[in-house]
Amino acid sequence: MNQDHWRRKLIVNRKKSLQRGIESLEKQIKLHEEKLRKVEQEDNIELAEYYKKEIAAKKRDKEEKQRMLDKGR
(Lines give C-alpha, C1' and ligand atoms only; values in the text may rest on other atoms or scores of the structure.)
Protein backbone atom coordinates (compact mmCIF):
# COMPACT_ATOMS: atom_id res chain seq x y z
CA MET A 1 0.00 0.00 0.00
CA ASN A 2 2.81 2.41 0.82
CA GLN A 3 4.40 1.60 -2.53
CA ASP A 4 1.14 2.41 -4.34
CA HIS A 5 0.94 5.72 -2.51
CA TRP A 6 4.39 6.78 -3.74
CA ARG A 7 3.68 5.56 -7.25
CA ARG A 8 0.52 7.70 -7.41
CA LYS A 9 2.39 10.66 -5.96
CA LEU A 10 5.08 10.34 -8.64
CA ILE A 11 2.46 10.15 -11.38
CA VAL A 12 0.69 13.26 -10.07
CA ASN A 13 3.99 15.13 -9.80
CA ARG A 14 4.94 14.10 -13.35
CA LYS A 15 1.59 15.28 -14.71
CA LYS A 16 1.99 18.63 -12.93
CA SER A 17 5.53 18.97 -14.23
CA LEU A 18 4.45 18.20 -17.80
CA GLN A 19 1.58 20.69 -17.54
CA ARG A 20 3.92 23.41 -16.26
CA GLY A 21 6.31 22.61 -19.11
CA ILE A 22 3.51 22.92 -21.65
CA GLU A 23 2.43 26.27 -20.21
CA SER A 24 6.01 27.52 -20.26
CA LEU A 25 6.44 26.49 -23.89
CA GLU A 26 3.18 28.24 -24.82
CA LYS A 27 4.51 31.47 -23.27
CA GLN A 28 7.84 31.08 -25.07
CA ILE A 29 6.06 30.46 -28.39
CA LYS A 30 3.95 33.61 -27.98
CA LEU A 31 7.04 35.64 -27.08
CA HIS A 32 8.95 34.36 -30.11
CA GLU A 33 5.96 35.03 -32.37
CA GLU A 34 5.90 38.65 -31.15
CA LYS A 35 9.63 38.96 -31.78
CA LEU A 36 9.17 37.38 -35.21
CA ARG A 37 6.53 39.96 -36.20
CA LYS A 38 8.84 42.76 -35.07
CA VAL A 39 11.89 41.55 -37.02
CA GLU A 40 9.75 40.86 -40.10
CA GLN A 41 8.59 44.49 -40.02
CA GLU A 42 12.25 45.49 -39.81
CA ASP A 43 13.05 43.20 -42.77
CA ASN A 44 15.60 41.30 -40.72
CA ILE A 45 15.39 38.06 -42.70
CA GLU A 46 18.13 36.17 -40.87
CA LEU A 47 16.68 36.83 -37.44
CA ALA A 48 13.18 36.05 -38.72
CA GLU A 49 14.41 32.63 -39.92
CA TYR A 50 15.96 32.00 -36.51
CA TYR A 51 12.66 32.78 -34.74
CA LYS A 52 10.72 30.59 -37.17
CA LYS A 53 13.01 27.64 -36.39
CA GLU A 54 12.77 28.30 -32.64
CA ILE A 55 8.97 28.46 -32.82
CA ALA A 56 8.82 25.20 -34.75
CA ALA A 57 11.13 23.48 -32.24
CA LYS A 58 9.11 24.74 -29.28
CA LYS A 59 5.87 23.60 -30.91
CA ARG A 60 7.36 20.11 -31.40
CA ASP A 61 8.48 20.07 -27.75
CA LYS A 62 5.01 21.15 -26.64
CA GLU A 63 3.35 18.43 -28.76
CA GLU A 64 5.68 15.81 -27.28
CA LYS A 65 4.92 16.90 -23.71
CA GLN A 66 1.19 16.93 -24.51
CA ARG A 67 1.46 13.42 -25.97
CA MET A 68 3.23 12.21 -22.83
CA LEU A 69 0.60 13.88 -20.64
CA ASP A 70 -2.27 12.34 -22.64
CA LYS A 71 -0.60 8.92 -22.56
CA GLY A 72 -0.40 9.02 -18.78
CA ARG A 73 -4.11 9.69 -18.31
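Mentor: Contact here means heavy atoms within 4.5 Å, and in this predicted model residues 24 or more positions apart account for 64% of the contacts in the chain with a separation of 6 or more.

Trainee: What makes up the secondary structure of the chain?

Mentor: The chain comes to 2 helices and 0 strands; helix H1 covers residues 2-41, and helix H2 covers residues 45-71.

Trainee: How do you know what span is expected of H2, and what span does H2 reach?

Mentor: The expected span is 1.5 Å times one less than the number of residues, which for the 27 residues of H2 gives 39 Å, and from its first C-alpha to its last H2 reaches 39 Å, close to that expectation.

Trainee: Why are some residues of H2 called buried, and which are they?

Mentor: Buried means under 20% relative accessible area, so a residue has to fall below that cut-off to earn the word; in H2 those residues are Ala48, Tyr51, Ile55, Lys58 and Leu69. The buried residues of H2 pack against helix H1, while across the 73 residues of the chain 18% count as buried.

Trainee: What radius of gyration does the chain have, set against a compact globule?

Mentor: The globule rule is 2.2 Å times the number of residues to the power 0.38, and for 73 residues this comes near 11 Å, but the chain has 17 Å and therefore does not match the value for a compact globule. Along its principal axes the C-alpha trace spans about 60 × 15 × 15 Å.

Methods. Residues numbered from 1 in each chain as written. Predicted model: local features only at pLDDT ≥ 70, side-chain atom pairs only at ≥ 80, totals over all residues. Heavy atoms only, no water. Helix = DSSP H or I, 4+ residues; strand = E, 2+ residues; numbered from the N terminus. Buried < 20%, exposed > 50% of the residue type's maximum accessible area, 1.4 Å probe, protein only.
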